[in-house]
Structure formats: C-alpha cells, structure tokens
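Subject: Structure for you to look at

Dear colleague,

I am handing over the structure below, and after it I set out what was found. Please read the notes with the structure open beside them.

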Amino acid sequence: MAHAAPAAQGWNDCRNAWVATLEALAEKDPRIVAVVNDSVGSSKLNSFQKKFPDRLINVGIAEQVMVGVGAGLANGGRVPFVSAASCFITGRALEQVKADIAYANFNVKLVGQSSGIAYGELGATHHSIEDFAWLRPLANLVVIAPADAWETAEAVKWAAGYEGPVYLRLSRMPVPDLQVADRVFRMGRAEVVCQGDDLTIIASGTTVHLAVQAAEALALEGIAARVLNMATLNPLDEEALHQAAETGAIVTVEEASIRGGLGGAVAEFTAANRPVPVERVGFPGFMPTGSVEFLFKEFGLSSEGIAAAAKRALARKRA
Amino acid sequence: MRRTAFEMVHRAQLGHPGGDFSAIDAMATLYFGVMNYDVRRPNWEDRDRFIMSKGHATGALYTALCGAGYFPEDWLQTYMQPHSKLNGHPNRNYLPGVETNTGPLGHGFPVAVGIAIAGQLRGASYRTFVLTGDGEQQEGSNWEAAMVAGHRKLANLTLIIDRNRLQQGAGTEETSGLDPLDQKYAAFGWDVEMIDGHDHAALLATLGRAPGNKPRCVIANTVKGKGVSFMENQASWHHGVPNDAQFAQAMKELV
Ligand SMILES: Cc1ncc(C[n+]2csc(CCOP(=O)(O)OP(=O)(O)O)c2C)c(N)n1
Ligand SMILES: [Mg+2]
C-alpha cells in the first residue's frame, strides 16, 4: 500500500536488508523457504520468488493457514520464513503463533512487515502496535525488533542459524544507520548507543535513532542520557535493566502501544526488582486518522517528545 | 460515483481504486435502488444493512454513503487527512451509515451473519447485504460464516462476491483458486446466482428480488479498475494511485 513515510538522504527501508540477506542465505541453505499471504510485494519477495519459484509458498489471503503451514514445513525439515504484515501475522493468527509455533516449539521464523504504524492512514486495523504485548509472554518465542538496516540483516542471519521460533518485527519506515563502534549483534543483549549516567533511554526498532537525537539535545543542556537499543524484547536483557535502574530514571520508547510492550516490560521489571521512575513514550490506543509523520509527532515519538519525557523522569527522580 | 471516488484517491494519493471500481455498480444499485434506510435515523432498527467486508474499498463506500446523504459532500475532501472521519478503512464510530469496522479481510461477513440472526430472532423485515472481495474468500472465516448462514437458513442475508479475479499481487486462480465458487456456496446451503456485476438491470433484478428461503449468494463477475482503460484488470491498480496525467485521462474516460 502506498503511504508517506519520513525519509532523508541515506536512510534505509530495512526491507531491502531483509530480502538481500534472505536470498543470500537461501542460496546456501536449500531448507529455507518463504511463506506469504498474498504479500509477495509488500514483503519485497518478488526477486526471491524469481530465483526460487518453488520455495515461495503463497497460501493466499489466509494468515491462520499461513502460520500453521509454517509449523508443518518445519516439521517436514524446512526452515520457513513466514512473512506478512505484522498486524495480520500476529493479530489474525495469534492462536496459531501461540499453539503451533511457540508452544509446539517449531523452528519457524515469523517476519512481521510494516510493523508499528507504518500503514498510517489505513488506521488501527492495519497498525501493529499490540504485537509486543501479545507475543512477549509466549515462552520459547524470541522477539527481535531491529533498529536499522545493519541490525535487520544481522537478525535475519541470526534467526536462520538459531534452532527455534523467532518473531522478527521489521519496518518499512526509512531509518538511518546507528553509529556504534565495533558492532556485534547479540540476541538478548541491549546495545549501548550513547553513554550517560543521569538517566537511561531504552528504545527499540525505528525509534532508537530518535532517542539518540534526544540524547544529543539533552547533552546540550548538560544532561547525560544513556541510550540503549533494546532490540530483543524476549528474552529481556535483565543485566542492562539493572544497570539502567542504577541511573535512577528511565524512559522507554517504542513504535508500539505503551501498554504491555517494551514500556510494560521495563515497568514490570523495575517494579519487581528496583523501583525507579519510568516514563513511557509510545501510542496510547486506537489512533485518529493520519499519516506516519502526523502520528509520530502527535504522540511524542520525536526527539522533542523523548527529551520532554526524559525531563519528566528526571524531575521524578529528584523529587 | 467513480469520478468522485477517484478524485478522493487522487487528492489523498492513497487508496484502493481498482477494488473501488469493481464494486461500485453493485453499491450504487443497493444504495439507490434496493435498500431501505433513513439517513436522519442511521440507527433505525428496521433499516436494511450494508457491510463492506472488503474494507479497503472506502473510495466506493464513502462515495455511496455521501451520495445517500449520510454526511456532507465536503467531508470527502478530508479523505485520510489527520483526524478525518474518512479513515483509510471504515470506522462506525466516525461515520453514520457504517455498520461495523472492517479492514482486515474476512471480518464483515461473520458480523453480517450476526446482524441477520438478530433480525431472524426478532422476526424483523430488514435485509442484510454484505460485499466481500474474491481474494477475501480465501480467508477461512468466510466459510465458517457461510456454514452458519446456510445452517440457519438466513434468507434475509445476501452475500455479494466482487468476482474481479484479482487480489493484491496476482490473479485469484493462480494464487489459491476459488472456482467453482457457485458450487461451493450451493453445497453450503445457499441460493447462488452469477451475474454481470456491472449490469445495473441484472444487479437490480437479483438484489431487489424478495428473499427466498435460503441465504443468497450473488457472484458478481466484475473487472478490477472498471471504466478506466489503463486500470482494467491490472493488479498494480489494487493500491496504485494516479499522477495528474493519469487522473486527467481517467476523468476523460469516466463520463
Ligand atoms: C486479513 C488481511 N490480510 C491481508 C490484507 C491485505 N490486503 C488488503 S486488500 C488485499 C487483496 C484483496 O483482494 P480482493 O478480496 O480480491 O479485493 P479486490 O480485488 O476487490 O480489491 C489484501 C491481501 C488484509 N487487508 N487483511
Ligand atoms: Mg478481487
């Protein structure tokens, strides 16, 4: 679906990294197949389909079947990457994801495309902001939301090599590459993107670069914010969360509902282990009609919005 | 109506014009020839109901609702703008005349079955019409709904399948074939009629005829993008949007 997205020079649509990596892996590993729901184009799988016509299984507009078929293909020795708009692969097929993938513990890679609010004007049915909350409690299922093109490629590679169920939450929204020295992808480990001890901003996916911008703005005011890229939501990096709590104030940022997702996970963890003020930046519920840019601004997913949340958290820390 | 829908899509640079154009003749027939409703009382309990199960076809739906008088014409200008009541997919909490929220395929038909059962329970005279895409029929929820409706002999229910033979990325028959759709619905306990979905006389005769004793399935053979030469039967116009030249050309053809 056509939609307007914020873009700038040098920013990447991470779907390109996803398909390039998948095709390279599939060249080497004949077990890899793709399963889709009439979503060849939106998953950018056209060239995969050309290269491997019989390894692209399009079940039609039938997400429950799609996920079940993924489980069956894993049973049959394949390594399926099941790819569809994240709103449908999670919401529509949630029980299949729970029972057939997570509980049955099949080696299936679920790939949620155009996650968050990438479908902007198409509205709440097409937004996927509940997926973190739905999937985070599912045991066995690794949940990863990469922050940029590099991390998308690394996560796809990691998932292919890992024996077990994975949910990759990808986005079509252009993002810049994060500037981190000597990067290594480590599933389940938060990545420190900015150093700082006054507070910690924990971000995921498309919002990490906004958190970095906010930290740069805060630095000009003498506030040293640590920024963590919490790409893996399940399992959580508890050590990084302990250290974040040490800074005495936390802001969470996600292109998702503030209930039950990253913000929910961090609030849960700190309340149980080390209570500190937590300010959650994300979406409150069903949102009004509007473009991606409009909704990001309106709900504070911006450098300014995150910096303001940081100041609220700091004020609570000092109170 | 096609002109109005295409103006909305052109202005917003968003929408699903191919599926708007295949469905629009059936919708015009329903709203301006068949259905009994009162825009001053959108919640009138005995109104006939229409449910747009293929919720992406809002260009067609909003044009019909506006033409029927549910909301002023200038609202069409706000299609998909911030805070617009005309969201990309219909929301009953935003607009009168929208019976239920759709957008994920395979939701409208089960809701229509519920509306029809409510009418049956009350012995009400209203009819319920639901329009699905043909690709949409690949969703299993439709077949669960079809089974319930056939079992309960929901004669007050009419399903229209917009049989344009295309879905988002390709043809239905090359993706996950549906034929023979008529025999499938007949086997599920439905009266089935296959008609030309752009023939207003045929649409009026079939949709306007009083209910029989089974639910009615109308397979409307249509053309995706109907009415604009370069859009007809092109999957790329599922959610393609026109540039200014294409828009001007289409306006010449749509008279
Ligand atoms: C559950 C679900 N899966 C996928 C989609 C994405 N999608 C929107 S329209 C469409 C194709 C619909 O084809 P069809 O039902 O034939 O509609 P038409 O040709 O009339 O536009 C798809 C796959 C969706 N809206 N809902
Ligand atoms: Mg179709």
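In this predicted model, a polar side-chain atom of B:His56 lies 2.8 Å from an oxygen atom of ligand 1, which falls within the limit for a polar contact (a pair of N or O atoms within 3.5 Å). B:Asp134 places a polar side-chain atom 2.7 Å from an oxygen atom of the ligand, and for B:Asn164 the distance from a side-chain N or O atom to an oxygen atom of ligand 1 is 2.9 Å. Taken on its own, ligand 1 has 600 Å² of accessible area (Shrake-Rupley method, 1.4 Å probe), and the protein covers 98% of that area.

Ligand 1 lies between chains A and B. It is surrounded by 25 residues (each with a heavy atom within 4 Å of it), and the closest are A:Glu63, B:Lys54, B:His56, B:Asp134 and B:Lys224. By class, this shell has five nonpolar, eleven polar and nine charged residues, where Asp, Glu, Lys and Arg count as charged, Ala, Val, Leu, Ile, Met, Phe, Trp, Tyr, Cys and Pro as nonpolar, and the others, Gly among them, as polar.

The space that ligand 1 takes is the largest cavity, in the sense that more than half of its atoms lie within 2 Å of the cavity's grid points. A cavity here is a set of points, on a 1 Å grid over the protein atoms alone, where a 1.4 Å probe fits but cannot get out, and its lining residues have an atom within 4 Å of a point. The largest cavity holds about 410 Å³ of space, the volume being that filled by probe spheres set on the points, which are joined across faces, edges and corners. Its lining has 32 residues, and A:Asp38, A:Ile61, B:Leu105, B:Gln168 and B:His238 lie nearest its centre.

The whole structure has four cavities of 30 Å³ or more, and the second largest has a volume of about 90 Å³. Domain 1 (12-176) and domain 2 (182-318) of chain A both give residues to its lining, so this cavity lies between them; the domain bounds come from an automatic or database assignment.

Residues are numbered from 1 along each chain as its sequence is written, while chains are lettered from A and ligands numbered from 1 in the order in which they are written. Local features need pLDDT of at least 70 and side-chain atom pairs count only at pLDDT 80 or more, whereas totals for chains, interfaces and linings use all residues, and side-chain values use heavy atoms, with hydrogens and water left out.

Best wishes

Key
1 Å grid on protein atoms, 1.4 Å probe; cavity = no way out; pocket = protein on both sides within 12 Å on 5 of 7 lines; lining within 4 Å. Polar contact = N/O pair within 3.5 Å; in protein donor to acceptor, adjacent residues only side chain to side chain.
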